[in-house]
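Please look through the structure below with an eye to how local backbone geometry, burial and side-chain pairing fit together. The account moves from single residues to a helix, then to charged pairs and the chain as a whole.

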Amino acid sequence: MTTPALVAFDVGGTQTKAAAIVNGTIAEATAGHYETQADLAAGPMIARFVDLFADVLAKAGPEAAADGWGLAFPGPFDYEDGISRIRGLGKFDALYGLPVGRLLEEALRTDERTRGRLTPRFRIAFENDAALFGLGESAPGGAAEGAGRVVCLTIGTGLGSCFLENGRLVKQRDDVPPNGWLYTVPYQAGIADDYISRRGILQLAGELVPQAGRLDVRELAGLADAGDKDARGLFARFGRRMADILLPSLLRFRPDRIVLGGQISKSAHRFAPAFREAASLAGLQADIRVSRDTLASTLLGVYGLMKGSANSEKN
């Protein structure tokens, strides 16, 4: 008797995180981190992904059969049709304009390791990582569970976002930015991605923390936790700047809850209070929560995507 499984990938330019999901739960024995090798030519790149898929499926055991393969893939990307639009970013350039989904499925169906382990329902789907994070957080036990309107933000090397209503992605609506993406919101001399990110914090540190030197965000948060006044001021300023940039968009949607994820969210106790205060003064009374595990939520979001329990709403 076979055990249906979904294979979930969180693809990054440096690392790909992957696992099998069985009955809505990540099979821990299958979870792994792999070098992506994003500079490969198209053929070897497709073969690389198939190798990783085969490895995850092998870890799931001989009874596992793949119902589907969901990939959180960086953009720009045509997620609906599975076509890469990435070019000039130093990663995945060889895939530009190619039907990645079709090429992956063709390769799986001709590979002796995988062709006999795909169920009749097997399909491949792509989505933005922040959207999958949001779907995962909407699942039972997630930080977005039970909320009506939710905005999920992933803050790390850049800013990711998604908007959800009753657990469903909202991508095209008058009160939501196109695709639910906030990273392009204009601010000062750039866009939100320049300021609500690791480099945004480090830029502020250079201005506000004399001893910042070569310290990264984690060390700066440690300084703040140890009582350093300048470091505490840095994170409070970051929270207020988040509000300056995001509140016009948030006030249009009026979320009941905002969920923070990504590496920078580990320092949320330092910047979320200032963000919350500014939001409240602007009339937004949203509950702000922090994800317990951004990666797990992203992988579990694949389950929601593939099961069709949270299709995008387009009004």
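In this predicted model, Asn 166 counts as exposed, because its relative accessibility is 60% and the threshold for that class is over 50%. Asn 166 sits in the loop that links strand E10 (159–165) to strand E11 (168–172), and its phi is positive, about 50°, although the residue is not a glycine. Most residues other than glycine have a negative phi, and most peptide bonds are trans. Against that background a second residue deserves attention, namely Phe 92, whose phi is near 60° and thus also positive in a residue other than glycine. Phe 92 is likewise a loop residue, placed between E7 and H2, but its relative accessible area is 0%, so it is classed as buried. The peptide bond from Gly 75 to Pro 76 is another point of the backbone to inspect, for it is cis, with omega near 5°; Pro 76 belongs to the loop between E5 and E6.

Is Thr 16, in strand E2, buried or exposed? With a relative accessibility of 0%, Thr 16 counts as buried, and the strand that holds it covers residues 15–22. The side chain of Thr 16 makes a polar contact, at 2.8 Å, with the side chain of Thr 36. Once neighbours within four places in sequence are set aside, the residues in contact with Thr 16 are Phe 9, Asp 10 and Val 11, then Gly 32, His 33, Tyr 34 and Thr 36, and finally Phe 49 and Leu 52.

Helix H2, which comprises residues 100–110, offers a view of burial across a whole element, its buried residues being Val 100, Gly 101, Leu 104 and Leu 108. When the helix is viewed down its axis, these buried residues fall within an arc of 100°, and they therefore line one face of H2. An α-helix has 3.6 residues a turn, so residues three or four places apart point the same way. What lies over the buried residues of H2 includes helix H1 (42–59) together with strands E5 (64–72), E6 (77–78), E7 (83–84) and E8 (118–127).

Helix H2 also carries a charged pair, since Glu 106 forms a salt bridge with Arg 102 in which the closest N and O atoms are 3.0 Å apart. Because the two residues are four positions apart in H2, about one helical turn separates Glu 106 from Arg 102. Both partners are partly exposed, Glu 106 at 39% relative accessibility and Arg 102 with a relative accessible area of 48%. Elsewhere, salt bridges that share partners join Arg 149, Glu 165, Arg 173 and Asp 175 into one network.

A comparable arrangement is found in helix H1, where Lys 59 and Asp 55 lie four residues apart, about one turn of the helix. Their closest N and O atoms are 3.4 Å apart in the salt bridge that they form, and both residues count as partly exposed, Lys 59 with a relative accessible area of 36% and Asp 55 at 30%. Which parts of the chain are tied together by the pair of Arg 113 and Asp 51? These two residues form a salt bridge whose closest N and O atoms are 2.7 Å apart. Arg 113 lies in the loop between H2 and E8, whereas Asp 51 belongs to helix H1, so the pair ties together parts that are 62 residues apart in sequence. Arg 113 is partly exposed at 38% relative accessibility, as is Asp 51, which has a relative accessible area of 34%. The count of salt bridges comes to 17.

It remains to consider the chain as a whole, which contains nine helices and 16 strands. A compact globule of 315 residues would have a radius of gyration near 20 Å, and the protein chain, with 20 Å, agrees with that expectation. The C-alpha trace spans about 60 × 40 × 35 Å along its principal axes. Of the 315 residues, 52% count as buried, and the accessible surface comes to about 14100 Å², with 49% of it belonging to carbon and sulfur atoms. Among contacts with a separation of 6 or more, 63% are made by residues 24 or more positions apart.

Methods
Residues are numbered from 1 along each chain as its sequence is written. This is a predicted model: local features need pLDDT of at least 70, side-chain atom pairs count only at pLDDT 80 or more; totals for chains, interfaces and linings use all residues. Side-chain values use heavy atoms; hydrogens and water are left out. Buried means under 20% relative accessible area, exposed over 50%, partly exposed in between (1.4 Å probe, protein chains only). The arc is that of the directions from the helix axis to the C-beta atoms. Contact means heavy atoms within 4.5 Å. A salt bridge is a side-chain nitrogen of Lys or Arg within 4 Å of a carboxyl oxygen of Asp or Glu. The radius of gyration is taken over C-alpha atoms; the globule rule is 2.2 Å times the number of residues to the power 0.38. Accessible areas come from the Shrake-Rupley method with a 1.4 Å probe; for residues, only the protein chains shown count as cover. A polar contact is a pair of N or O atoms within 3.5 Å; within protein, one must be able to donate a hydrogen and the other to accept it, and residues adjacent in sequence count only if both atoms are side-chain atoms.
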